[in-house]
Amino acid sequence: MTNFNQLSISATIMKALEKMGFEEATPIQAQTIPLGMEGKDVIGQAQTGTGKTAAFGIPMIEKINPKERKIQGLIVAPTRELAIQVSEEMHKLAKFKGLRTLPVYGGQHMERQIRALKDGPHIVVATPGRLLDHLRRRTIRVDNVHTAVLDEADEMLNMGFIDDIRDILKAIPEDRQTLLFSATMPKEIRDIAATLMKNPEEVKVKSKEMTVSNIDQFFVEVHEKQKFDTLTNLMDIHVPELAIIFGRTKKRVDELTDGLQARGFRAEGIHGDLTQGKRSSVLKQFKNGRIEILVATDVAARGLDISGVTHVYNFDIPQDPESYVHRIGRTGRAGKTGEAISFITPREVPHLHLIEKVTKSKMKRMTAPSYDEAKRGQQQLTVQKLIKTIEKKELQDYRETASEILDEYDSATVVAAALKMLTKERRLTPVTLSSVQPVSVKKGGKGNNGKFRNDKRGGGYGRKGKPQGGRNRKFQNKRNNKGNR
Ligand SMILES: Nc1ncnc2c1ncn2[C@@H]1O[C@H](COP(=O)(O)OP(=O)(O)OP(=O)(O)O)[C@@H](O)[C@H]1O
Ligand SMILES: [Mg+2]
């Protein structure tokens, strides 16, 4: 274990780390902060939830001159929610140094954003689409940027983004320092990455598996038509504190959310077709526990750090092993434990093995619970509610009626009736989802290691409307397809 004070970090950042409760540096932080502070280009790979944000954030902050009110650090992240979160973490790390950090993302009011930019932030955390819009309009100047970071680098260098990222990096002075971080880095993408950097140092935190060991991984083999009942049965038994359920498409997420609500779960969906206002409010409700289940497309798969997520359900198994790694990584963060449960239809079994092979981890078989087992789980929940009410001791007004009924019936019968009334029998609300095709292993048997997907860009990234390439052809938008997340 490495102490932060062994890493020559300046006093203002040390103060921030103390305030944030960081006692020791994580392995990726211990290995990349010194390289970053030397000015080296770094490709950093470490498992989900192991503190990559501070690993690139600290060296960036160290290099920034607070007196110069120009953008000196630029971080690009694939989704709006992640840009906001990274910006918040950077703000916490940099506040005693007096740095200003601004998130810039699609779906936000352009005029308001331009005003905030005029305020002179030192660090900007942006999504690629909106950043390019600003570069085209010349409302963001990156001539003074000396540190550029691609968070979720492999995702950003996928087919759908690569041209945008190239254009962004071309606008930044060449003598910049470039830092690329992710939990996954397929070789093909690493090769592309190297072309954008100067003699990058590669740091890969050694571990046998791509996934963290504090996530217990399970799979349930289940026919498509039984998936939904199995899901609600499982949740009645697991009783997650907070759970994320991943579905394959936006429509799927909408249907799942409706179905879960109909069965009495506090669930909301998040995907790229929702307004930014809705996306933000859903995430806020989830973070403060007002909703207990977040149903999401892959738009929520990467980077999001929400404490209290105890369970991740892959209602639909993801196509790419990388996506699997990131999705399940929403639990088991910063040393906490979590469970990941993936639903596999019988035809998807080969795909399960592919994911296990690429991620070098094993999923244990979990049997689908029976309805009776789930019903016991539901009753336990009701019992807990009942006990809470008993402990509140505000029952005086009910005692007389209670003793009257106990004169006529025995106490077990009365309690059983109360439990029945208070327990929502979920089975009584039938839910049918539109059918979907099973995922299949791609030709060649090796699968698609997360590379070169061009079928799901757009929706999650907030690019709405036409490109505005007129002013500056260099920043012409080449991508305008509608994604499925
Ligand atoms: N040294 C540390 N000590 C304690 N907690 C830390 C430390 N570094 C980071 N954390 C906390 O750990 C959590 C995960 O960090 P972070 O989001 O940076 O992980 P990540 O590696 O980027 O994960 P992902 O691959 O999912 O993006 C955050 O809540 C962060 O504040
Ligand atoms: Mg991260």
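Axes here are lines fitted to C-alpha atoms, for helices over the stretch in contact, and angles run from 0 to 180 degrees between N-to-C directions. The structure is a predicted model, in which local features need pLDDT of at least 70, side-chain atom pairs count only at pLDDT 80 or more, and totals for chains, interfaces and linings use all residues. Residues are numbered from 1 along each chain as its sequence is written, while chains are lettered from A and ligands numbered from 1 in the order in which they are written.

Two packed helices are described by the angle between their axes and the distance between the axes. Take helix 10 (residues 227–238) and helix 15 (residues 371–392): their axes come within 8 Å and cross at roughly 40°. Helices (H or I, at least four residues) and strands (E, at least two) are DSSP runs, numbered from the N terminus. Helix 10 is therefore oblique to helix 15; angles under 35 degrees count as roughly parallel, over 145 as roughly antiparallel, 65 to 115 as roughly perpendicular and the rest as oblique. Their crossing is left-handed, the term for a near helix turned anticlockwise from the far one by less than a right angle, with right-handed used if it is clockwise. Asn233, Asp236 and Ile237 of helix 10 meet Tyr371, Glu373, Ala374, Gly377 and Gln378 of helix 15 in this contact, where two residues are in contact if their C-beta atoms, placed from the backbone, lie within 7 Å. By class, these residues divide into 3 nonpolar, 3 polar and 2 charged. Ala, Val, Leu, Ile, Met, Phe, Trp, Tyr, Cys and Pro count as nonpolar, Asp, Glu, Lys and Arg as charged, and the others, Gly among them, as polar.

A second helix pair is helix 3 (residues 52–63) with helix 4 (residues 80–94), whose axes come within 10 Å and cross at roughly 50°. That angle makes helix 3 oblique to helix 4, and the crossing is right-handed. Helix 3 contributes Thr53, Ala54, Gly57, Ile58 and Ile61, and helix 4 contributes Val86, Glu89, Met90, Leu93 and Ala94. This contact has 7 nonpolar, 2 polar and 1 charged residues.

Now to the sheets. One open sheet has 7 strands in the order 5-6-4-7-8-3-9, with parallel pairing; two strands pair if DSSP finds at least two bridges between them. At its edges are strand 5 (101–104) and strand 9 (201–204), each paired on one side only. Neighbouring strands of this sheet are turned by 15° against each other on average, direction ignored. Within the sheet, strand 7 (residues 147–151) and strand 8 (residues 177–182) run parallel and share 5 bridges, and Leu150 stands opposite Leu180 in strand 8. Helix 4 lies across strand 4 (73–76), strand 5, strand 6 (123–126) and strand 7, at about 180° to strand 5.

Another open sheet, also of 7 strands with parallel pairing, follows the order 12-13-11-14-15-10-16. Strand 12 (267–270) and strand 16 (364–365) each have a single partner strand, so one side of each is left without a neighbour in the sheet. Strand 11 (residues 242–246) is joined to strand 13 (residues 293–296) by 4 bridges, with Ile244 opposite Leu294. Helix 12 (residues 276–287) packs on this sheet, touching strand 11, strand 12 and strand 13, and its direction makes about 140° with that of strand 12.

Last comes confidence. The chain averages a pLDDT of 91, and 91% of the residues score at least 70; pLDDT is the predictor's confidence in each residue, from 0 to 100. Over residues 444–474 it stays under 50. Where pLDDT is low, the predicted coordinates should not be read in detail.
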